[in-house]
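Reader: I would like a close look at one part of this model, the strand in the middle of the parallel pairing, and how the rest of the chain is arranged around it. Please take it slowly and keep to what can be computed.

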Amino acid sequence: MTPPSSSSKTKRALVTGASEGIGRAFALKLAKRGYTVTAVARNASRLDSLLAELGGSGHRKIVADLSTETGLNSVVDDLTNSERYTLLVNNAGFGLVGDFAETPLAKTREMIFLNVTALVDLSHAFLGRAERGDGIIQVASVLGFLPMPRQAIYSATKAFVASFAESLWFQCRKKGIMIVNLCPGSTATNFPDRAGWSKNEIPAWATESADTVAENALVAFERKFGPTLVSGWMNRLSLLLVRLLTRKQLVKVMGTVRK
Ligand SMILES: NC(=O)c1ccc[n+]([C@@H]2O[C@H](COP(=O)([O-])OP(=O)(O)OC[C@H]3O[C@@H](n4cnc5c(N)ncnc54)[C@H](OP(=O)(O)O)[C@@H]3O)[C@@H](O)[C@H]2O)c1
């Protein structure tokens, strides 16, 4: 049976990691822009309070752990068989701080599964049905362009996302499908607490709000600005300046950030 397609006027977005932080900001802004939002995360009660705030009708939640095959498959199934989505925001992710060899391998693999495997599978399911005007916002990080000792795997997962998103942008633009590689810098969310470093390590003046990051990304998406949006002029300037360093100098500098 052919899955139902959305009418040309229906805007439907699926946002992963919508219960908190940047994903929550995306969900709120998309609802204001007339999208019907499907919010995905593990925490059902936080998703319920988000849905209450979204108001309107048609918004829904999927409670799923995207670091497991079962959770991921349930969202792939929704992307494949429910009414067609017009926007996918691949935002769910987490970081880990610590020496690679001393970090339990299971935790590292969980992060790779969420940050990389889930993002790839969801992109594949979405693009299988995508039409002209649809798109994906892939949430990478400025660390996607920087090696980060003591956060080695996290940076590597974001390097994967950034590279994948840029290549996908090139392939998809011929079909009128927009891909944005969103690279936030320090953003005021609970992400640092979960990753195991202090929020105070990065000064407030160098930190953007989740609201600003989501707004910047949506404006880039709407203006078909691609492939990469580094959110915030300070982050853009930093990435420009580090190009003057050799790779060895760069990794040494980054190695002093998180000891
Ligand atoms: N904050 C920063 O400084 C920063 C900088 C650059 C890039 N980023 C990226 O931005 C994205 C969002 O981060 P954030 O700062 O908003 O972090 P956050 O506040 O910790 O939010 C993360 C979201 O992902 C969800 N999530 C985590 N594990 C999940 C899982 N296994 N399955 C499903 N959902 C899961 C969480 O919800 P549940 O716990 O309810 O599942 C939550 O909604 C991430 O990809 C992160 O790497 C963040």
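**A strand and its surroundings**

Author: Among the elements around the ligand, α1 gives the most to the shell, with three residues. The model is a predicted one, and α1 is a useful place to begin, since the path from β1 to β2 passes through α1.

The shell around the ligand holds 31 residues, and the closest are G17, G21, R42, N43 and G93. Two elements give two or more residues to this shell, namely α1 (21-32) and α6 (191-195). By residue class the shell divides into 15 polar, 11 nonpolar and five charged.

Now the strand itself. β2 covers residues 36-41. How many of its residues are buried? Six of the six are, and β2 is mostly covered. The side chains of β2 point in two directions: T36, T38 and V40 go one way, while V37, A39 and A41 go the other way, and all are buried. In a regular strand the side chains alternate between the two faces of the sheet. For β2, both sets are buried because each of these residues meets the cut-off of 20 or more other C-beta atoms within 10 Å.

β2 has a parallel partner in β1 (residues 12-16), and the two strands pair over five bridges. Within that pairing, T16 has V40 of β2 as its bridge partner. The chain crosses from β1 to β2 through α1, and this β-α-β crossover is right-handed.

β2 also pairs in the parallel sense with β3 (residues 60-63), over four bridges. Two positions can be given for this pairing. A39 has K61 of β3 as its bridge partner, and A41 stands opposite V63 in β3. Here too the connection is a right-handed β-α-β unit, made by β2, helix α2 (residues 44-54) and β3.

To put β1 and α1 into a wider setting, take V89, which lies in strand β4 (residues 87-90). Is V89 buried or exposed? V89 is buried, because 30 other C-beta atoms lie within 10 Å. Leaving aside neighbours within four places in sequence, the contacts of V89 are A13, V15, T16, G23, F26 and I137. Of these, T16 is the residue already named as the bridge partner of V40. I137 is 48 residues from V89 in sequence, yet their C-alpha atoms are 4.8 Å apart.

The whole chain has nine helices and nine strands. Its radius of gyration is 18 Å, close to the 18 Å that the globule rule gives for 259 residues, so the chain is as compact as a globular protein of that length. The C-alpha trace spans about 55 × 35 × 30 Å along its principal axes. Of the 259 residues, 41% count as buried. Among contacts with a separation of 6 or more, 67% are between residues 24 or more positions apart.

Some backbone details away from β2 deserve a check in any further modelling setup. The peptide bond between G226 and P227 is cis, with omega about 0°. P227 lies in the loop between α7 (210-222) and β9 (228-230). K224 has its place in that loop between α7 and β9 as well. Phi of K224 is near 55°, a positive value in a residue other than glycine. K224 counts as exposed, because it has 11 C-beta neighbours inside 10 Å.

R150 is another residue other than glycine with a positive phi, near 70°. R150 lies in the loop between β5 (135-139) and α5 (152-173). With 19 other C-beta atoms within 10 Å, R150 is partly exposed. V257, in the segment after α9 (247-255), is partly exposed too, with 14 other C-beta atoms within 10 Å. V257 and R150 are 107 residues apart in sequence, and their C-alpha atoms are 9.3 Å apart in space.

Technical notes: Residues are numbered from 1 along each chain as its sequence is written. This is a predicted model: local features need pLDDT of at least 70, side-chain atom pairs count only at pLDDT 80 or more; totals for chains, interfaces and linings use all residues. The radius of gyration is taken over C-alpha atoms; the globule rule is 2.2 Å times the number of residues to the power 0.38. A residue is buried if 20 or more other C-beta atoms lie within 10 Å of its own, exposed if 12 or fewer, and partly exposed in between; C-beta atoms are placed from the backbone. Two residues are in contact if their C-beta atoms, placed from the backbone, lie within 7 Å. A residue is near a molecule or strand if its C-beta atom, placed from the backbone, lies within 6 Å of it. Ala, Val, Leu, Ile, Met, Phe, Trp, Tyr, Cys and Pro count as nonpolar, Asp, Glu, Lys and Arg as charged, and the others, Gly among them, as polar. Two strands pair if DSSP finds at least two bridges between them. A crossover is right-handed if, with the strands pointing away from the viewer, the path from the first strand over the helix to the second runs clockwise.
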